[in-house]
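Reader: I would like to learn how to read a protein model by eye. Could we walk through some features together, one at a time?

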Amino acid sequence: MKRRTLIKAIPLSLLAVAGGASVWRDHDISKVAAIVNKDAGYDQHINLNDLLGEDLFVKDNLEKPEQQQVVELSDIILEGKDFEYLKSVAVHLKRVQHQVGYTNFNLLGFDEMIKLGRNFSSVGKFTQAELDLFEYVFSADAKAYGFFGDKVIDNITDIVPRRDTKKIGRTGHYLFKGESMEKYKRIRKDVGDSLILTSGIRSVVKQTYLFLSKAIETNGNLSQASFSLAPPGHSYHGIGDFDVGKVGYGYKNFTADFSHTDEYKRLTDLGYVAIRYVNNNPFGVRFEPWHIKVV
Ligand SMILES: [Zn+2]
């Protein structure tokens, strides 16, 4: 357990508190993309738009910032070398996703990820620094950076048993057999085919990828990132919840715009919207009208 010992030593150097004077600026994606390109080293072809654009879930703020956020004094921010490692892991995970495919990546486990890195030169071996960053983000106390939801996955190596899942055609996502699957079927039957699964099961690896991608957008500010995305281990997508959206509505499915659609109205009228993260919820998570609570 040498790595665990290392992790314990990391947080102090990783945790930097905002100076207070800096105010949140508009996302300057091209600038950040240039940094990622420069630092990626091993692959100049990956840019940040590829990194973020493929997943609608992280695309929302990119195209339409929900709100201007101000860096709070208490915000936890990864800076300097730590931010470099954060970006490096995100880019590395992008390569893993490219290797296994978008759909499979949703279920990929931590150990499988490491193995893929070892076995495919197109992915490349994960460095100790990258694994340390990954483990830090998983094991850090999310409450420290303002996320108060439960931890629902205990171990970084926990896997999603494939036999318990079902691939949902043409969505690129999976659902758990049983309650999740039944609920999704019922919703589609009642609301109609214009409602579709937009994000299903997300493994620790997938959630980490989304969270780190969001944290790149927030310049390493984990507190701000956790407002839009549950930190790894804290997402109910890992144990049964899922997201739905309107067919053809794109990234807007992950914005408040979704709550103005007929599909959303039908969902609420039929009583499906026992939303996990209601407006002004105590968990430090944004309002998510698209998220269906199962667990
Ligand atoms: Zn969700």
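Author: Gladly, and please keep in mind that this is a predicted model. Let us begin with helix packing: helix α5 (residues 80–100) and α8 pack at an angle of about 95°, and their axes are 9 Å apart.

Reader: How do I turn the angle of about 95° between α5 and α8 into words: what is their orientation to each other?

Author: Angles of 65 to 115 degrees count as roughly perpendicular. The two helices α5 and α8 are therefore roughly perpendicular to each other.

Reader: Which residues make the contact of α5 and α8?

Author: From α5 come Tyr-85, Leu-86, Ser-88, Val-89 and His-92, while α8 brings Ala-129, Glu-130, Leu-133 and Phe-134. By character, the residues of this contact of α5 with α8 divide into 6 nonpolar, 2 polar and 1 charged.

Reader: What about α8 and α10: at what angle do they pack?

Author: Helix α8 (residues 128–139) and helix α10 (residues 204–217) pack at about 95°, with axes 11 Å apart. So α8 and α10 are roughly perpendicular to each other. Here the contact is made by Phe-134, Val-137 and Phe-138 of α8, together with Val-204, Thr-208 and Phe-211 of α10. The residues of the contact of α8 with α10 divide into 5 nonpolar, 1 polar and no charged. Look for Phe-134 on your screen: this residue of α8 takes part in the contact with α5 and in the contact with α10.

Reader: Now to strands. How should I read a sheet?

Author: Strands of a sheet pair through backbone hydrogen bonds, either parallel or antiparallel. In this model, an open sheet of 3 strands has the order β5-β6-β7, with antiparallel pairing. The strands β5 and β7 stand at the edges with a single partner strand each, so one side of each is left without a neighbour in the sheet.

Reader: How many bridges hold β5 to β6, and how many join β6 to β7?

Author: Strand β5 (residues 195–199) pairs with β6 over 4 bridges, and 2 bridges join β6 to strand β7 (residues 291–292). Asp-243 of β6 is a handy residue to click on: Asp-243 is the bridge partner of Ser-199, and His-291 in β7 is also a bridge partner of Asp-243.

Reader: Are the faces of β6 covered or open?

Author: In a regular strand the side chains alternate between the two faces of the sheet. For β6, both faces are covered: Phe-242, Val-244 and Lys-246 on one side are buried, as are Asp-243 and Gly-245 on the other. Helix α9 (residues 179–191) lies across β5, β6 and β7, running at about 145° to β5.

Reader: What does Val-244 touch beyond its neighbours within four places in sequence?

Author: Val-244 is in contact with Ile-187, Leu-195, Ile-196, Leu-197, Thr-198, Trp-290 and Ile-292. The largest nonpolar core has 64 residues, and Val-244 is listed with Leu-86, Val-89, Ala-90 and Leu-212 as touching the most other members.

Reader: Which strands form a hairpin with 4 residues between them?

Author: That hairpin is made of β3 and β4, and within it Arg-170 takes a positive phi near 60°. Strand β3 (residues 165–168) and β4 run antiparallel, joined by 4 bridges. One example is Lys-167, whose bridge partner in β4 is Tyr-174. On strand β4 (residues 173–176), His-173 and Leu-175 point one way and Tyr-174 and Phe-176 the other, and all are buried.

Reader: And loops: is Gly-233 buried or exposed?

Author: A residue counts as buried if 20 or more other C-beta atoms lie within 10 Å of its own. Gly-233 has 23 and is therefore buried, although it lies in the loop between α11 (222–228) and β6. Its C-alpha atom is separated by 4.7 Å from that of Ile-153, 80 residues apart along the chain. Compare Asp-257, in the loop between β6 (242–246) and α12 (262–269): Asp-257 has 17 other C-beta atoms within 10 Å, so this residue is partly exposed.

Reader: How do these pieces fit into the whole?

Author: The protein has 12 helices and 7 strands, and 44% of its 295 residues count as buried. Among contacts between residues at least 6 apart in sequence, 76% join residues at least 24 apart.

Terms used:
Residues are numbered from 1 along each chain as its sequence is written. This is a predicted model: local features need pLDDT of at least 70, side-chain atom pairs count only at pLDDT 80 or more; totals for chains, interfaces and linings use all residues. Axes are lines fitted to C-alpha atoms, for helices over the stretch in contact, and angles run from 0 to 180 degrees between N-to-C directions. Angles under 35 degrees count as roughly parallel, over 145 as roughly antiparallel, 65 to 115 as roughly perpendicular and the rest as oblique. Two residues are in contact if their C-beta atoms, placed from the backbone, lie within 7 Å. Ala, Val, Leu, Ile, Met, Phe, Trp, Tyr, Cys and Pro count as nonpolar, Asp, Glu, Lys and Arg as charged, and the others, Gly among them, as polar. A residue is buried if 20 or more other C-beta atoms lie within 10 Å of its own, exposed if 12 or fewer, and partly exposed in between; C-beta atoms are placed from the backbone. Two strands pair if DSSP finds at least two bridges between them. A nonpolar core is a set of buried Ala, Val, Leu, Ile, Met, Phe, Trp, Tyr and Cys residues joined through C-beta atoms within 7 Å.
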